[in-house]
Every structure is written in C-alpha cells, then in structure tokens.
Amino acid sequence: MNQGRPREFDIDRALQCATQQFWSAGYEATSLADLLRVMKLSKSSLYQTFGSKEALFIRCLEYFQVTMANDLLDKLHRTKSPRQFLADYLEGVIDEASKTVGRKGCLLVNTANELAQRNASVSAAVTRGSQHMMKVFTAALELAQERGEIRTTLPTEDLARYYFSSVSGLRTMVKAGASRADLEPIAKLIMDTLQ
C-alpha cells in the first residue's frame, strides 16, 4: 500500500513560525503568502498538514497556550515563592511597555478581541487557552495559600479569575501604548489584593 511521501518538515518549527506571524499581524492581516513564506512550506504541504488557514490558526493558538502553560507550570514548580511567581508574571507583562516597537500583546487576548465574537471555532480555542492559563494561576494561588503567602478567605477560583482578567487588561493596555509608569501602580494594586 502506498503511504504517500513522508513529511519533510518539522511541524513544531512550522507552528512556531506561523504562531509568530499570526501574533505579530493578527489573523485577518496574515495572508496565505505570509504563512507560506515564514513556514517555508508549499501551499500543498500547508493544506495537506493543517487543512486551512483557520485550522492552522486554531492549532497555533493551542500550541501557544499549551507551550506557555507548561513553561509556567515548570517555573512554578521550581519557585520558592508562588506569590512572587505571580508578581514576576505581572512584571513580565509590563516589561513589554518598555519596548518602543513590537508590542504584540498576548496572542490569546488579541484573538479574543479580533475574532472570538464572530467565529465559534476560534472562540472555543480561546476558551481552551484561557482554561490552561487559569489552571496555572489557580495552582499558584493554592500553593501561595498553603504556604501562608496569601491569607485571604476568598475562593481560589475567584482569585484566579480576578488575576487572569487583570493580566488580560494589562496586556490590552500594553498593546494600546500604555507606559510602564501607567502600568506599575496597577500591577501593585493587583498584588495588594492577593494578600
């Protein structure tokens, strides 16, 4: 039986390249030609492997979120202070405000703003991505509570939703051009809430 030609490219590398393109330009502004150029694929290889631009985009969203969540969980498991882990994550978000060019924001937040209201498949992918991040933040908050770094009696899931929505707002502000001076007091207020 003929199994067809073997795939001659690295799918993870292709997904990384496509993810960076979508992240920089957005879904609508990314053309098929852009994707073929950055992924170094032929049109037939792209369609045979990923199906369509939309299907590729959803794979990129999932790849991005799973990779990010796994990296963060690894950092969380190595940290001495889960509360500091949460503060450092906020610091990383506002660090982008120091850039004069290339403020990409968050791929997940950008996608929620650009497409989620009008594309059910993308909306579902955004929801799955949000759940990955919520698991990380919930784990960090539970660990911080166990270690006595956070003493509030508010439910951990509510705190995780608050933190996640705050991070999403900060990311949107960064992309809109807010300065570090604008964002630092907000990050401090977020962490003051997690006492």
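This passage describes the nonpolar core, two helix pairs and one loop residue of a predicted model. Local features were required to have a pLDDT of at least 70 and side-chain atom pairs a pLDDT of 80 or more, while totals for chains, interfaces and linings use all residues. Residues are numbered from 1 along each chain as its sequence is written, and side-chain values use heavy atoms, with hydrogens and water left out.

A good place to begin is the core. The largest nonpolar core holds 61 residues; such a core is a set of buried Ala, Val, Leu, Ile, Met, Phe, Trp, Tyr and Cys residues joined through side-chain atoms within 4.5 Å, where buried means under 20% relative accessible area, exposed over 50% and partly exposed in between (1.4 Å probe, protein chains only). The members touching the most others are Met39, Leu56, Leu86, Tyr89, Phe137 and Tyr163. Helix H4 (residues 53-78) gives the most to this core, with 11 residues; helices here are DSSP runs of H or I with at least four residues, numbered from the N terminus. Beyond its neighbours within four places in sequence, Tyr89 is in contact (heavy atoms within 4.5 Å) with Met68, Leu72, Met133, Phe137, Tyr163, Val167 and Arg171.

Turning to helix packing, H7 (residues 120-146) and H8 (residues 156-176) pack at an angle of about 125°, with their axes 9 Å apart. Axes are lines fitted to C-alpha atoms over the stretch in contact, and angles run from 0 to 180 degrees between N-to-C directions. The two helices H7 and H8 are therefore oblique to each other, a class left over once angles under 35 degrees (roughly parallel), over 145 (roughly antiparallel) and 65 to 115 (roughly perpendicular) are set aside. Residues making the H7-H8 contact include Met133, Phe137 and Leu141 of H7 and Leu159, Tyr163 and Phe164 of H8. The axes of H6 (residues 107-114) and H7 come within 10 Å and cross at roughly 150°. Here Leu108, Thr111 and Ala112 of H6 meet Val122, Val126, Gly129 and Ser130 of H7.

Finally, H2 (32-39) and the loop that follows deserve a look. Asp34, Leu35, Leu36, Val38 and Met39 are the buried residues of H2, and their cover includes H1 (11-25), H3 and H4. Lys40 lies in the loop between H2 and H3 (43-50) and has a positive phi of about 60° although it is not a glycine. Most residues other than glycine have a negative phi. Lys40 is exposed, with a relative accessible area of 65%.
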